[in-house]
Amino acid sequence: MEESVLGGDEFLIMLCSVGSNPREEARTYAEDIIQNLNKSFIIEYERIHIGCSIGGAV
(Lines give C-alpha, C1' and ligand atoms only; values in the text may rest on other atoms or scores of the structure.)
Protein backbone atom coordinates (compact mmCIF):
# COMPACT_ATOMS: atom_id res chain seq x y z
CA MET A 1 0.00 0.00 0.00
CA GLU A 2 1.39 3.40 -1.03
CA GLU A 3 1.27 6.21 1.52
CA SER A 4 0.92 9.91 0.64
CA VAL A 5 2.80 12.42 2.77
CA LEU A 6 2.32 16.18 2.68
CA GLY A 7 5.42 18.38 2.83
CA GLY A 8 6.01 21.21 5.28
CA ASP A 9 4.58 23.80 2.89
CA GLU A 10 1.49 21.85 1.86
CA PHE A 11 -1.92 21.39 3.40
CA LEU A 12 -5.04 19.43 2.57
CA ILE A 13 -8.65 20.58 2.81
CA MET A 14 -11.47 18.12 2.32
CA LEU A 15 -14.88 19.53 1.45
CA CYS A 16 -18.08 17.57 1.87
CA SER A 17 -20.66 19.42 -0.17
CA VAL A 18 -24.41 19.03 0.12
CA GLY A 19 -25.14 21.77 -2.41
CA SER A 20 -26.27 21.37 -6.00
CA ASN A 21 -22.92 22.47 -7.49
CA PRO A 22 -19.97 21.11 -5.47
CA ARG A 23 -17.33 22.15 -8.03
CA GLU A 24 -18.45 25.78 -7.90
CA GLU A 25 -18.52 25.62 -4.11
CA ALA A 26 -14.94 24.27 -4.11
CA ARG A 27 -13.86 27.03 -6.52
CA THR A 28 -15.35 29.67 -4.21
CA TYR A 29 -13.49 28.24 -1.20
CA ALA A 30 -10.23 28.07 -3.18
CA GLU A 31 -10.53 31.67 -4.38
CA ASP A 32 -11.22 32.85 -0.82
CA ILE A 33 -8.17 30.96 0.51
CA ILE A 34 -5.93 32.41 -2.22
CA GLN A 35 -7.21 35.94 -1.59
CA ASN A 36 -6.52 35.66 2.16
CA LEU A 37 -3.08 34.09 1.78
CA ASN A 38 -2.04 36.76 -0.73
CA LYS A 39 -2.57 39.57 1.80
CA SER A 40 0.71 41.13 2.88
CA PHE A 41 1.73 41.18 6.53
CA ILE A 42 4.49 42.76 8.59
CA ILE A 43 7.25 40.91 10.45
CA GLU A 44 9.90 42.97 12.26
CA TYR A 45 8.96 46.14 10.33
CA GLU A 46 9.26 44.37 6.96
CA ARG A 47 6.25 43.96 4.68
CA ILE A 48 6.05 40.33 3.57
CA HIS A 49 4.01 39.06 0.63
CA ILE A 50 3.52 35.40 -0.19
CA GLY A 51 1.60 33.65 -2.92
CA CYS A 52 0.00 30.29 -3.33
CA SER A 53 -1.61 28.01 -5.85
CA ILE A 54 -4.37 25.50 -5.32
CA GLY A 55 -5.15 22.29 -7.15
CA GLY A 56 -8.28 20.22 -6.83
CA ALA A 57 -9.45 16.66 -7.29
CA VAL A 58 -12.91 15.15 -7.34
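Q: In which element is Tyr 29 found?

A: Tyr 29 is found in helix 1. The model discussed here is a predicted one, and helix 1 spans residues 22-37.

Q: What is the overall secondary structure of the protein, and which pattern does it follow along the sequence?

A: The secondary structure comes to 1 helix and 2 strands. Read along the sequence, these elements give the pattern α-β-β. Strand 1 covers residues 41-43, and strand 2 covers residues 46-48.

Q: Is Tyr 29 buried, partly exposed or exposed?

A: The class follows from the relative accessible area: a residue is buried under 20%, exposed over 50%, and partly exposed in between. Tyr 29 has a relative accessible area of 43%, so it is partly exposed.

Q: How should one read the surface of the protein as a whole, and what share of the residues counts as buried?

A: Of the 58 residues, 2% count as buried. The accessible surface comes to about 5,900 Å², and carbon and sulfur atoms account for 53% of this area.

Q: Which residues form the nonpolar patch on the surface?

A: The patch is formed by Phe 11, Ile 13, Leu 15, Tyr 29, Leu 37, Phe 41, Ile 43 and Ile 50. Together these residues have about 720 Å² of accessible area. Helix 1 and strand 1 each supply at least two residues of the patch.

Q: How is a pocket recognised, and what is the volume of the largest pocket?

A: The general idea is that rolling a probe the size of a water molecule over the atoms shows where empty space is left. In this model, the largest pocket has a volume of about 990 Å³. It is lined by 26 residues, of which Ile 13, Ile 54, Gly 55, Gly 56 and Ala 57 are the closest to its centre. Ile 13 also belongs to the nonpolar patch.

Q: How many residues of each class are in the lining of the largest pocket?

A: The lining of the largest pocket has 17 nonpolar, 4 polar and 5 charged residues.

Q: How is a salt bridge to be read, and which residue forms one with Arg 27?

A: Side chains of opposite charge can pair when their charged atoms come close. Here the count comes to 1 salt bridge. Arg 27 forms a salt bridge with Glu 24, and their closest N and O atoms are 3.9 Å apart. The cut-off is 4 Å.

Q: Where do Arg 27 and Glu 24 stand in helix 1 with respect to each other?

A: Arg 27 and Glu 24 are 3 residues apart in helix 1, so about one helical turn separates them. Glu 24 is partly exposed, with a relative accessible area of 40%.

Q: How far apart are Arg 23 and Ala 57 in sequence and in space?

A: Arg 23 and Ala 57 are 34 residues apart in sequence, while their C-alpha atoms are 9.6 Å apart in space. Arg 23 has its place in helix 1 and is exposed, with a relative accessible area of 61%. Ala 57 is among the residues closest to the centre of the largest pocket.

Q: What are the phi values of Glu 44 and Tyr 45?

A: Most residues other than glycine have a negative phi. Glu 44, however, has a positive phi near 50°, and Tyr 45 has a positive phi of about 70°.

Q: Where do Glu 44 and Tyr 45 lie, and are they buried or exposed?

A: Glu 44 lies in the loop between strand 1 and strand 2, and Tyr 45 is found in the loop between strand 1 and strand 2 as well. Glu 44 counts as exposed because its relative accessibility is 71%. Tyr 45 is exposed, with a relative accessible area of 85%.

How values were computed. Residues numbered from 1 in each chain as written. Predicted model: local features only at pLDDT ≥ 70, side-chain atom pairs only at ≥ 80, totals over all residues. Heavy atoms only, no water. Patch = residues over 30% accessible without salt bridge, like charges linked within 9 Å, V, L, I, M, F, W, Y side chains within 5 Å. Areas by Shrake-Rupley, 256 points an atom, 1.4 Å probe, with all protein chains shown as cover. Salt bridge = Lys/Arg side-chain N within 4 Å of Asp/Glu carboxyl O. Helix = DSSP H or I, 4+ residues; strand = E, 2+ residues; numbered from the N terminus. Buried < 20%, exposed > 50% of the residue type's maximum accessible area, 1.4 Å probe, protein only. 1 Å grid on protein atoms, 1.4 Å probe; cavity = no way out; pocket = protein on both sides within 12 Å on 5 of 7 lines; lining within 4 Å. Points joined across faces, edges and corners; volume = space filled by probe spheres on them. Nonpolar A, V, L, I, M, F, W, Y, C, P; charged D, E, K, R; others polar.
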